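Student: I'd like to learn how to read a model like this one, feature by feature. Can we go through it together?

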Amino acid sequence: MTEMLDFFDNILWGSILIYLLLGTGIYLSLRTRFIQFRQFGHIFSISLLKTSPDPRGISTFQALCISLAARIGTGNLSGVALALTAGGPGAIFWMWLIALIGMVTSLFENTLAQVYKSRDINGRFRGGPADYMARGLGMRWMGVFFSLLLVLTFGLIFNALQANAIAQAATLAFNADPLYIVTGLLALTATIIFGGLKSFSRLSQWVVPLMVMAYLILAVWVILHNIERLPQVFVLVFKSAFGLQEVASGAIGYGVMQALTQGVQRGLFSNEAGMGSSPNAAALAAPVPSHPAAVGFSQMLGVFIDTIVICSATALIILTSGLLDAPGQKLEGIALLQGAISAATGSVGHLLVAAFVFIFAFSSITANYVYAENNLMFLHSGDRAKLFVFRLLVLGMVAFGCLAELPLVWKMADIAMALMTITNLTALLLLSGLALKVIKDYERQREMGKIPVFNPEHFPEIRQQLEPGVWGKKTYPSES
């Protein structure tokens, strides 16, 4: 079983997805004249994060926090450590590159999610890749396939992996009884997922910024403790990325491909650009300014924070500690990160890592559930009885993740993630012309000094594909 999964994993990542991700990102970057650099300052604009008076959607800032809650998980901690162990220091360079390229991919997919968003039975906005596949491409079967993959991957597999990371960190830090961990985590998860989207969106807008700032403060403290090694670390990252460390041994090809594969794979697992996950949060927003591209730009910030900021912080913590290449060093994953932090903070390091693993992983569990529920709505499986059963399944996978060894589940997650991404990127490329037109409309209005407003009348080719009442003159439920 393991050999078969390894075979498919190598085919999907080594022969297809690396080139598809890089190719799509470069293609969209060229078509937008490298918008991620031209408009870099705009992604930090406060104007993108204003609250809308439209009660049908959450704010753009809340949508960003939900997507960050899903992005910032164990991939930023153990995922980076695993990438460095398997691919060497050069893996972080390729993580940076895939993030910078992926920012454009994220702009396109989240803009499309806003264009094709619809309303649920309560009149609130929802949508995502399944909707732009079904209505934008007229391929509902493709949307169904994507939704099934997302429900399986985010709702079940990823949540088991996040729960497993929490259990491992708690066991290492506190030697806690696994049953206590399961009981506590199930109680917290049930409280959130049965509390509904509004409760989670309010919680995430406070928790996510605080957890990011707290982790960066810790990272700066540890890096300053090893500041004399920082210049050599950056030299090592660039040399390793291009195989210069391996030239003498004749292993240049293997070194570069390992760094490239690990960097792209773990980078995607972390920032999710092109995977089609963040559009499920983006579609929930009622943006200010009232234009789909406004949410697209705000989600570019999510990719930047996740990889360029958080993943880099983790990588620098490990690399400046010197533990990665220390003689006889056999630590990997969370244990490697704990060792690097403990070297600078003492015995409290294990407690700090356990705390951050819990916060990061738990926020991912709840955000992953939001994504899965959104796609159940698309599959017409959103009535209360079916949602109740699905929530029980999610809780079951959380318990399973706490108690089981998950090497096979990691492989399954990689394969499911690859299939999701290939499906989404295919739809994205087919709809890239429309997305580009919408993005240019946003840029044009800003250049004219206007507050951008999306007018469906200016896009007659898609006017019939949009759900009535979502765009154009707003009639809020309270006014009708």
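Student: Leaving aside neighbours within four places in sequence, which residues is F108 in contact with?

Tutor: Keep in mind that this is a predicted model. Once the neighbours within four places are set aside, F108 is in contact with L28, T32, L428, S432, A435, L436 and I439. F108 also belongs to the largest nonpolar core, which has 143 residues. Along with Y116, Y132, Y215 and F297, F108 touches the most other members of that core.

Student: Which helix gives the most to this core?

Tutor: That's helix α13, residues 292-321, with 17 residues. There's also a second, separate core of eleven residues, and V151, L376, L387 and V394 are among them.

Student: Let's zoom out. How many helices and strands are there in the protein?

Tutor: You'll find 18 helices and two strands. The chain has 480 residues, and 60% of them count as buried.

Student: And what share of the contacts with a separation of 6 or more comes from residues 24 or more positions apart?

Tutor: They account for 83% of those contacts. I462 makes a nice example of a link across the sequence: I462 and R135 are 327 residues apart in sequence, yet their C-alpha atoms are 9.3 Å apart in space.

Student: Where is I462 placed, and is I462 buried or exposed?

Tutor: Look in the segment after α18 (432-447). I462 has a relative accessible area of 4%, under the 20% cut-off, so I462 is buried. Leaving out neighbours within four places in sequence, I462 is in contact with V115, Y116 and L434. Y116 should ring a bell, as one of the residues that touch the most other members of the largest core.

Student: Which residues does the UniProt annotation "transmembrane region" cover?

Tutor: According to the UniProt record, an unreviewed entry, the annotation covers residues 12-30, 137-158, 178-197, 206-227, 301-324, 344-367, 388-409 and 415-436. You can set such a span against the model. Residues 206-227 are 91% helix and 0% strand, with end C-alpha atoms 31 Å apart. For residues 301-324 the values are 88% helix and 0% strand, and the end C-alpha atoms lie 30 Å apart.

Student: On to aromatics. How do I read a pair of rings?

Tutor: You describe a pair of aromatic rings by the distance of the centres and the angle of the planes. A search of the whole structure finds 18 aromatic pairs. One of them is F40 with F44, where the centres are 5.2 Å apart and the planes are at 70°. The angle is over 60 degrees, so the pair counts as edge-to-face.

Student: Are F40 and F44 buried, exposed or partly exposed?

Tutor: F40 is partly exposed at 31% relative accessibility, and F44 is partly exposed at 40%.

Student: Which residues form an aromatic cluster?

Tutor: F93, W94, W96 and F238 form one.

Student: Where does a charged end sit over a ring?

Tutor: Try K117, whose charged end sits over the ring of F125, 4.0 Å from its centre. Then go to R140: its charged end sits over the ring of F378, 4.4 Å from the centre.

Student: How many disulfides does a search of the whole structure find?

Tutor: Zero. As for individual cysteines, C65 is buried with a relative accessible area of 2%, and C311 is buried at 0%.

Student: Last topic, the backbone. Which residues does a cis peptide bond join?

Tutor: V288 and P289, with omega at about 0°. P289 lies in the loop between α12 (279-282) and α13.

Student: Which residues other than glycine have a positive phi?

Tutor: R33 is one, with phi of about 55°, and F34 is another, with phi near 55°. R33 sits in the loop between α1 (2-31) and α2 (35-38), and F34 is placed in the loop between α1 and α2 too. On accessibility, R33 counts as exposed at 56%, while F34 is partly exposed at 37%.

How values were computed:
Residues are numbered from 1 along each chain as its sequence is written. This is a predicted model: local features need pLDDT of at least 70, side-chain atom pairs count only at pLDDT 80 or more; totals for chains, interfaces and linings use all residues. Side-chain values use heavy atoms; hydrogens and water are left out. Rings of Phe, Tyr and Trp (its six-membered ring) pair if their centres lie within 6.5 Å; planes under 30 degrees apart count as stacked, over 60 as edge-to-face and the rest as tilted. Buried means under 20% relative accessible area, exposed over 50%, partly exposed in between (1.4 Å probe, protein chains only). A charge sits over a ring if NZ of Lys or CZ of Arg is within 6 Å of the ring centre and within 35 degrees of the ring normal. A nonpolar core is a set of buried Ala, Val, Leu, Ile, Met, Phe, Trp, Tyr and Cys residues joined through side-chain atoms within 4.5 Å. Helices (H or I, at least four residues) and strands (E, at least two) are DSSP runs, numbered from the N terminus. Contact means heavy atoms within 4.5 Å. UniProt positions are given in the numbering used here, feature names are shortened, and annotations may be inferred rather than shown by experiment. A disulfide is a pair of cysteine sulfur atoms within 2.5 Å.
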